[in-house]
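Trainee: Could you take me through one part of this model slowly, and then show how its surroundings connect to the rest of the fold? I would rather follow one careful line of reasoning than a catalogue.

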Amino acid sequence: MSYAPFIGITDFTESEQVTNMWQVLGSAGSKRMLGVGVMMSYETLHSIPNEWDKVFPPKEDIEKIFFLDAWDDGVYNCLHYADYKAKPDLCGSLQKAIKYGGMGLRALQLDMTWPAPEDIANALHISRRHMQVILQVGAKAMEAVDNDPKKVVAKLADYEGVIARVLLDKSMGRGLGMDAKALLPYIEAIDDHFGSTLGIVVAGGLGPSTMRLVEPIVERYPNVSIDAQGRLRPSGNALDPIDWEMAKEYLRQAAAMLG
């Protein structure tokens, strides 16, 4: 599979939104893949009522959002599976989540705090699906290793052969502004150790009015991927629906910045 960088949006709920954003990115002249992020949590997977029910698409609809031939068409379909409370039977839950992603699923992002790598590997093996895994290293994951880039690298070494990319995101969907200066030591340590064998994604409060936040990272690491979520709403609240006009402007600015 390609390790090409992407420009991502998280919280797609309909296939028409994918088509529209794909056209916007193409019209902007970008050669990057469009990252199509769809959210699922342990609760939505297991039909447990929660506050995200009105934001995340029904699990039965996820397959319709992802294009079957998306990979060849430059669309990077990614199911974000969130479980920060470390529920039991991660392997079984991931198997179920992968099934709901359908045949168009190209990547599985784990919004979790250092999940067991063997559970991830076993879920992929049992599912017999060849896809990329993105591991989110968020604020809690960094705190668990004393906010030390070297210790993050040591933890990531446990996932070699299991994950394809790492997402550095202290905001974790809350729209908090990215601190590029704070993230750069982590990027440098990861790049020095893993090189091109591990793709790097950054996120945190990116949107049409905040793209400047990522400039210091892009200047040093032009092949980094980016993702946006919370700041694609006027309120900045991920519980509100995406404003797709804001999303279009974000894509245009990202395409101009990233080439």
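Mentor: Let us begin with helix 8, whose buried residues pack against helix 6 (139–144), helix 7 (149–156), strand 6 (165–169), strand 7 (199–203) and helix 9 (215–220). Please keep in mind throughout that this is a predicted model. The residues of helix 8 that are buried are Ala180, Leu183, Leu184, Tyr186, Ile187, Ala189, Ile190 and Phe194. An α-helix has 3.6 residues a turn, so residues three or four places apart point the same way. Not every residue of this helix is hidden, however: aspartate 192 also has its place in helix 8, and it counts as exposed because its relative accessibility is 60%, where the cut-off for exposed is over 50%. Its C-alpha lies 41 Å from that of glutamate 60, and the two residues are 132 apart in sequence.

As for its geometry, helix 8 spans residues 180–194, which makes 15 residues, and it reaches 20 Å from its first C-alpha to its last, close to the 21 Å expected at 1.5 Å a residue. Each end has a local feature that can be looked up in the coordinates. At the start of the helix, a side-chain oxygen of aspartate 179 comes to within 3.2 Å of the backbone nitrogen of lysine 181, while just after the helix, glycine 195 takes a positive phi of about 55°.

From strand 7, one of the partners of helix 8, we can step into the sheet. Here 8 strands close into a barrel in the order 1-2-3-4-5-6-7-8, with parallel pairing, and neighbouring strands of this sheet are turned by 25° against each other on average, direction ignored. Strand 7 is joined to strand 8 by 3 bridges, the two running parallel, and valine 202 has isoleucine 226 in strand 8 as its bridge partner. Strand 8 in turn pairs with strand 1 in the parallel sense, over 3 bridges, and there glycine 8 has aspartate 227 of strand 8 as its bridge partner. Both faces of strand 8 are covered, since Ser225 and Asp227 on one side and Ile226 and Ala228 on the other are all buried, each being under 20% relative accessible area. Helix 10 (residues 244–258) lies across strand 1 (6–10), strand 2 (33–41) and strand 8 (225–228), and it runs at about 160° to strand 1.

In the loop between strand 1 and helix 1 (15–27) we find aspartate 11, which has a positive phi of about 105° although it is not a glycine, and which is buried, with a relative accessible area of 7%.

Helix 5 offers a second helix to set beside helix 8. Its buried residues are Pro117, Ile120, Ala123, Leu124 and Ser127; because they cover an arc of only 130° around the axis, they sit on the same side of helix 5. These residues pack against helix 4 (90–101), strand 4 (107–111) and strand 5 (132–138). Strand 4 and strand 5 run parallel and are joined by 4 bridges, with leucine 110 standing opposite leucine 135 in strand 5. The loop between strand 4 and helix 5 holds tryptophan 114, a residue with a positive phi of about 50° although it is not a glycine, and buried at a relative accessible area of 13%. Just after helix 5, arginine 128 takes a positive phi of about 55°.

Conventions:
Residues are numbered from 1 along each chain as its sequence is written. This is a predicted model: local features need pLDDT of at least 70, side-chain atom pairs count only at pLDDT 80 or more; totals for chains, interfaces and linings use all residues. Side-chain values use heavy atoms; hydrogens and water are left out. Buried means under 20% relative accessible area, exposed over 50%, partly exposed in between (1.4 Å probe, protein chains only). The arc is that of the directions from the helix axis to the C-beta atoms. Contact means heavy atoms within 4.5 Å. The expected span of a helix is 1.5 Å times one less than its number of residues. A polar contact is a pair of N or O atoms within 3.5 Å; within protein, one must be able to donate a hydrogen and the other to accept it, and residues adjacent in sequence count only if both atoms are side-chain atoms. Two strands pair if DSSP finds at least two bridges between them. Axes are lines fitted to C-alpha atoms, for helices over the stretch in contact, and angles run from 0 to 180 degrees between N-to-C directions.
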